[in-house]
Amino acid sequence: MEFEGYCVKCRSKVKVRGEEVIKEVKGTPRRFAKGNCPHCGTAVWKVLGKA
Ligand SMILES: [Zn+2]
């Protein structure tokens, strides 16, 4: 999947190719998009919502 996330290293929005993962946050499963910045390779996360 492709999503628009925010890279903290580039300090800008980047288009990221990644995958959807489900992670538990404080006991609640949530959907995230996870990928790597195409410019610097830093991990970029985006919250998609409840699982
Ligand atoms: Zn970056």
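**A walk from E4 along four strands**

Hi everyone, let's start at one residue: E4, setting aside neighbours within four places in sequence, makes contact with K13 and K15. By contact I mean that the C-beta atoms of two residues, placed from the backbone, lie within 7 Å.

Two notes before we go on. Residues are numbered from 1 along each chain, following the sequence as written. What you see is a predicted model, in which local features need pLDDT of at least 70 and side-chain atom pairs count only at pLDDT 80 or more, while totals for chains, interfaces and linings use all residues.

Now the overall view. The chain has 0 helices and 4 strands, and reading along the sequence gives the pattern β-β-β-β. Both words refer to DSSP runs numbered from the N terminus: helices are H or I with at least four residues, and strands are E with at least two. Along the principal axes, the C-alpha atoms fill a box of roughly 35 × 20 × 15 Å.

How much of the chain is buried? The figure is 8% of the 51 residues. The rule here is that a residue is buried if 20 or more other C-beta atoms lie within 10 Å of its own, exposed if 12 or fewer, and partly exposed in between, with C-beta atoms placed from the backbone. Strand β2 is hardly covered, with 1 buried residue among its 14. As for contacts between residues at least 6 apart in sequence, 34% of them join residues at least 24 apart.

Back to E4, please. This residue sits in strand β1, and E4 is exposed because there are 11 other C-beta atoms within 10 Å. Its bridge partner in β2 is K15. Next along the sequence is V16, which is 12 residues from E4 in sequence but 6.0 Å away in space, C-alpha to C-alpha.

That brings us to the pairing of strands, where two strands pair if DSSP finds at least two bridges between them. β1 and β2 pair in the antiparallel sense over 6 bridges, and they form a hairpin with 4 residues between them.

Which residue in that turn has a positive phi? It is R11, with a phi near 55°, a positive value in a residue other than glycine. R11 is exposed, because 7 other C-beta atoms lie within 10 Å.

Sharing the loop between β1 (2-7) and β2 (12-25) is C10. C10 counts as partly exposed because it has 14 C-beta neighbours inside 10 Å. Leaving aside neighbours within four places in sequence, C10 touches base with C37, H39 and C40, in the contact sense. K23, by comparison, is 13 residues from C10 in sequence and 25 Å from it in space, C-alpha to C-alpha.

Let's move on to the second hairpin. β2 and β3 pair in the antiparallel sense over 8 bridges, and the bridge partner of I22 in β3 is R31. The hairpin of β2 and β3 has 2 residues between the strands. K26 is found in this loop, which runs between β2 and β3 (28-36), and its phi is near 55°, again a positive value in a residue other than glycine.

Why is K26 called exposed? The reason is its count of 5 C-beta neighbours inside 10 Å.

To close, keep two turn residues in mind: R11 in the hairpin of β1 and β2, and K26 in the hairpin of β2 and β3. Thanks for listening!
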